[in-house]
Amino acid sequence: MKLDPLGELRATRQCGELRATDAGQPVILLGWVQRRRDLGHLIFLDVRDRTGLAQVVANKEKNPEAHARADQCRPEFVVGVVGTLAKREKPNPALSSGDVEVVAEKIFLLNEARTPPFSLEADTTASEETRLRHRYLDLRRPQLLRNLRTRHRVALAIRRFLDREDFYEIETPFLTRSTPEGARDYLVPSRVHPGHFYALPQSPQLFKQLLMIAGFERYYQLVRCFRDEDLRADRQPEFTQLDLEMAFVAPDAVFRVVEGAMKFAFAAANISVMPPFPRLTYAEALARFGTDKPDTRFGLELAEVSAVFKAAREALKIEIPVHAFVVPGAAETSRKQLDGFAEFVKAQGGRALYYAKVGEKSVESPLEKTLSSRGLEWLQEATKAAAGDLILIVPSDPAQVAGAPHAPTTTVIGALRSHVAQELNLIPAGKWNFLWVTDFPLFEWSPAEKRWVSSHHPFTAPADEDLDKLESDPGRACSKAYDLVLNGWELGSGSIRIHRQDVQQRIFRVLGLSDEEAKERFGFFLEALTYGTPPHGGIALGLDRVVALLCGEKSLREVIAFPKTTQAQDLMADAPARVADAQLDELGLALKPPKKN
């Protein structure tokens, strides 16, 4: 097949921008053939570019040359079309350009294409593996095109807003030192320093704090970060976050800037959100919703009903506290669904699920023999349940009660709350419930490591009133940390940072780092803290998560151009891959089998 050169051919309009008001005008389109329909003397081509589709018609009687070229076209051929815009006899309301068509005068075949391994229409039955192996084709689908266009507009809106707020965008290094505290680092061997390694940053945390020490006062970056961790739908080994830091601030100032950035970002996707966002303390979030990232689009708030169960504790072999929530109007929930809820509780590590159905005159429950009818009445009063409601009750698991000091005991019923809302379709569509969660514990106890670990990261400032608890009662020390939550997704975490060297050294000691180890890992930073460090704070928000929510996607892979699988593989480029022995020799490296867990 003879192909045409591009030469001086240039598009005068884009496919999705053609309108009836332009009828009669000459037009040149460049794009891909989406589909071809042959009616004999007429051949219709749907030509696609990133703005949408345009219908092209080639008439054999009026223009045999263009008709002959259209006859050679197949899906995904790259074409140029020169013609005149005309109104369609039968408009297609599904297309933005559906009122018009291009009457072809010349058709240029710029390149041919093999038949794709899957349909590139909006809906495809191809497996995710097949799509990722041919990601360059998958990205031609309108859904992916729309998602990445939204991502671009969101990022641009954030940049414009932060520029208006007098932030500087400053790049920080990708090759830095490993300071393991949290997820595993991706390591990069150094050729010029044999036996030494760089690490890809999990976050620009130390660098952005150093920029505050340097006096830049307002920094941000849309930055690529890397974590070698087990993956889920909402995790990737490399991801993008909105990273920002501000000097001389309290949390309120950070909140105001982030809320403004989110307002502009969502407006770029034609969604209106109105700051200020509600706030809950960590303790309140756990008490009311059983999680530190609650979805507040629906009710089902928790109530502690321990008093009702104190006398029956031994008979039921349960632990106190006991929590419950009411599902309005769900008294007719089937036994099959209730059994499913009970299985979910067990899968979350819970010991049992109990229920009660509130009728007009009485409360029915398998607990009646244990609690008595009066006990069930107390349960109804404690939960404020009305006739027709369903009460779901989950006692604490013994492992929770006897585990880490001050560990939350509502996480199982909190997970059940979200599960029930999804199963019973209680989550309203089109709601965007932002929420700040504040006053997190400074430390968490790690049973596996048998030591205290940071709830956020080791540079988070303790609450001023809890400085004296760092050594005496670290489990009760509160932090100046905060999370931004949207519809049950944690968008990001931030905090006011430690700006005093003596406090930072005390935190390292609580975490089990000796002064020598702290100096080895963080010596440059500890030294920097002695040169007039201002009070400062900031946040890191997951841009991938923000865009996924805006696009209605459950997986981050649908809003990243070239993502990895859950096995951290790039199926298209076949990465990771082995390297030649010569490359290993140059680095002074030798491979050995990894340790078995």
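## Cis peptide bonds

Proline 276 sits in the loop that links α6 (251-267) to β11 (279-281). In this predicted model, the peptide bond from proline 275 to proline 276 is cis, with omega near -5°.

Another cis peptide bond joins isoleucine 320 and proline 321, and its omega is about 10°. Proline 321 belongs to strand β13. Most peptide bonds are trans.

## Positive phi outside glycine

The loop between α6 and β11 also holds asparagine 270. Asparagine 270 is not a glycine, yet its phi is positive, about 60°. With a relative accessible area of 75%, asparagine 270 is exposed; the cut-off for that class is over 50%.

Glutamate 217 has a phi near 70°, again a positive value in a residue other than glycine. Glutamate 217 lies in the loop between α5 (205-213) and β9. Its relative accessibility is 42%, so glutamate 217 counts as partly exposed. Most residues other than glycine have a negative phi.

## Strand β10 and its partners

Strand β10 covers residues 238-247, and nine of its ten residues are buried. The strand is therefore largely enclosed by the rest of the structure.

β10 pairs with strand β9 (residues 218-226) through nine bridges, and the two run antiparallel. Tyrosine 219 has glutamate 245 of β10 as its bridge partner. β10 also pairs with strand β22 (residues 536-542), here through seven bridges and again antiparallel. Glutamate 245 has a bridge partner in β22 too: glycine 538. Glutamate 245 is thus bridged to tyrosine 219 and to glycine 538. Strands of a sheet pair through backbone hydrogen bonds.

## The five-stranded open sheet

Five strands make up an open sheet, in the order β12-β13-β16-β14-β15, with antiparallel pairing. The edges are β12 (303-304) and β15 (363-364). Each edge strand has a single partner strand, so one side of each is left without a neighbour in the sheet. At the β15 edge, two bridges join β15 to strand β14 (residues 354-358), and these strands run antiparallel. Lysine 357 stands opposite glutamate 364 in β15.

Helices α10 and α13 pack on this sheet. Helix α10 (residues 335-347) touches β14 and β16 (390-396), and its direction makes about 25° with that of β16. Helix α13 (residues 411-423) touches β13 (319-327) and β16. The direction of α13 makes about 15° with that of β13. β13 is also the strand in which proline 321 is found.

## Packing of α4 on α17

Two packed helices are described by the angle between their axes and the distance between the axes. For helix α4 (residues 142-164) and helix α17 (residues 543-550), the angle is about 125° and the axes are 10 Å apart. That makes α4 oblique to α17. The crossing of α4 and α17 is right-handed.

Which residues of α4 meet α17? They are Asn147, Arg151, Val154 and Ile158. On the α17 side, the contact is made by Leu543, Asp544, Val547 and Leu550. By class, the contact of α4 with α17 has five nonpolar residues, one polar and two charged.

Methods: Residues are numbered from 1 along each chain as its sequence is written. This is a predicted model: local features need pLDDT of at least 70, side-chain atom pairs count only at pLDDT 80 or more; totals for chains, interfaces and linings use all residues. Side-chain values use heavy atoms; hydrogens and water are left out. Buried means under 20% relative accessible area, exposed over 50%, partly exposed in between (1.4 Å probe, protein chains only). Helices (H or I, at least four residues) and strands (E, at least two) are DSSP runs, numbered from the N terminus. Two strands pair if DSSP finds at least two bridges between them. Axes are lines fitted to C-alpha atoms, for helices over the stretch in contact, and angles run from 0 to 180 degrees between N-to-C directions. Angles under 35 degrees count as roughly parallel, over 145 as roughly antiparallel, 65 to 115 as roughly perpendicular and the rest as oblique. A crossing is left-handed if the near helix is turned anticlockwise from the far one by less than a right angle, and right-handed if clockwise. Contact means heavy atoms within 4.5 Å. Ala, Val, Leu, Ile, Met, Phe, Trp, Tyr, Cys and Pro count as nonpolar, Asp, Glu, Lys and Arg as charged, and the others, Gly among them, as polar.
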